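Good morning, colleagues. Please take a moment to look at the sequence and the model before I begin. I shall speak about pockets and then about salt bridges.

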Amino acid sequence: MQPHSIVSREEWIAARQTHLAHEKEYTKARERLNEERRALPWVRVEKNYSFDGPDGKVSFGDLFKGRSQLVVQHLMFAPDWNEACKSCSFWADGFERMIPHLAARDTTMVAISRAPLPKLAAFKQRMGWTFDWLSSGGNEFNYDYGVSFTQEQIAAGSNYNYGTTPFGGEEAPGISVFYRDEAGNIFHTYSCFARGLDMMNAAYHYLDLTPLGRHEEGLPYPMDWVRLRDQYQPSQVQASCCHS
C-alpha cells in the first residue's frame with residue numbers, strides 16, 4: 001500500500017470533492033459509452049440452436065421466457081471438466097440473486113456451458129445456485145459466439161475478444177446479449193470478453209473502493225487468489241484486546 005497523508009476532516013473533504021469531480025467525469029463518460037453500445041447494429045441469429053435443460057430440449061427462443069431481452073453468461077465448463085471455472089463461478093455468485101430484478105425489466109438471464117447437463121446440475125446444487133443453466137454441448141453456440149475454440153484456432157493465435165487476444169485454452173469467459181422482436185426474430189446485439197466483464201462483477205467494484213483495492217499485484221496472474229466459494233480457507237485473524 002502506498003503511504004497516505006493523515007489530515008484533518010476539512011482537508012479530507014476538500015480532497016474528496018476533487019476526486020468526486022473526477023468520478024462525475026467517469027459517470028458521464030460511462031453514460032455516453034452505454035448510449036453508444038445501445039446504438040450498435042444488430043445481427044440476425046439464423047441458426048436454430050437447441051439446448052439441453054432440466055426439462056429436456058429447449059429452443060433458443062424459449063430461453064427468453066416470453067421477454068424481449070436475453071443475457072447469456074458464457075460460464076466456462078468444458079465437457080471433460082468436473083467443475084466449472086472458478087473465475088466464472090465468481091461472476092455467477094454475483095448474479096445469482098439478480099435474476100428477478102432483471103426479469104422486472106423485460107430481461108431474462110441464463111448461463112450456458114458445453115459440459116453435459118448432469119455435470120451442470122451437480123455443480124449447480126453444490127454451489128446453491130438457482131439460475132437457469134443449460135448445456136450447449138450438442139450445438140455450435142459457444143464456438144459461434146467466441147468462447148470455445150478448436151485446437152486449430154488455439155494454434156492460430158489471436159482467437160479471443162474479436163481477434164485481438166490469444167487464448168490458450170478451449171474455453172473462455174464472456175457475456176452475450178440478444179433481442180427477440182414480436183415476430184420471434186432473434187438478434188445478437190452485444191458481446192463482451194476479457195476485461196469487458198469487469199463491470200459485471202460487483203465484488204471487484206466493492207474492493208476497488210477499499211485502500212488495498214484488488215491487491216492482485218505480485219500474483220502469478222490477477223485472479224490466482226480466487227477460489228470456488230466452498231474452497232476458501234478460514235482466514236487467520238489475530239485476536240486483540242485491551243489486555244494484549
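Which element gives the most to the lining of the second largest pocket? It is α2, with 3 residues. Before going further, I should state that this is a predicted model.

Let me stay with the second largest pocket for a moment. Its space comes to about 530 Å³. The lining consists of 23 residues, and those nearest the centre are S87, W91, P173, A194 and M223. Sorted by class, the lining has 14 nonpolar, 3 polar and 6 charged residues.

I turn now to the largest pocket, which holds about 1900 Å³ of space. It is lined by 46 residues, and Y26, R30, M199, M200 and H205 are the closest to its centre. Several elements each supply at least two residues of this lining, including α1 (9–38), β4 (69–74), β9 (174–180) and α7. The largest share, 14 residues, comes from α1. In terms of class, 25 residues of the lining are nonpolar, 14 are polar and 7 are charged.

My second topic is charge pairing. As a general point, side chains of opposite charge can pair when their charged atoms come close. In this model there are 15 salt bridges, and I have chosen a few to discuss.

The pair K57 and D52 comes first in my talk. Their side chains form a salt bridge with an N to O distance of 2.7 Å. K57 is exposed, at a relative accessible area of 63%, whereas D52 is partly exposed, at 24%.

Next, please find D198. One salt bridge joins D198 to R195, with 2.9 Å between the closest N and O atoms. Are these two residues buried or exposed? D198 counts as buried because its relative accessibility is 12%, under the 20% cut-off. R195 counts as exposed because its relative accessibility is 62%, over the 50% cut-off.

D198 also forms a salt bridge with R214, where the closest N and O atoms are 3.0 Å apart. This pair links distant parts of the chain, 16 residues apart: D198 is in the loop between β10 (186–193) and α7 (202–208), and R214 is in the segment after α7. R214 is buried, with a relative accessible area of 18%.

Which residues make up the network of salt bridges here? They are R195, D198, D208 and R214.

Thank you for your attention.

Key. Residues are numbered from 1 along each chain as its sequence is written. This is a predicted model: local features need pLDDT of at least 70, side-chain atom pairs count only at pLDDT 80 or more; totals for chains, interfaces and linings use all residues. Side-chain values use heavy atoms; hydrogens and water are left out. A salt bridge is a side-chain nitrogen of Lys or Arg within 4 Å of a carboxyl oxygen of Asp or Glu. Buried means under 20% relative accessible area, exposed over 50%, partly exposed in between (1.4 Å probe, protein chains only). Helices (H or I, at least four residues) and strands (E, at least two) are DSSP runs, numbered from the N terminus. On a 1 Å grid over the protein atoms alone, a cavity is a set of points where a 1.4 Å probe fits but cannot get out, and a pocket is an open set with protein on both sides within 12 Å along at least five of seven lines; lining residues have an atom within 4 Å of a point. Grid points are joined across faces, edges and corners, and a volume is the space filled by probe spheres set on the points. Ala, Val, Leu, Ile, Met, Phe, Trp, Tyr, Cys and Pro count as nonpolar, Asp, Glu, Lys and Arg as charged, and the others, Gly among them, as polar.
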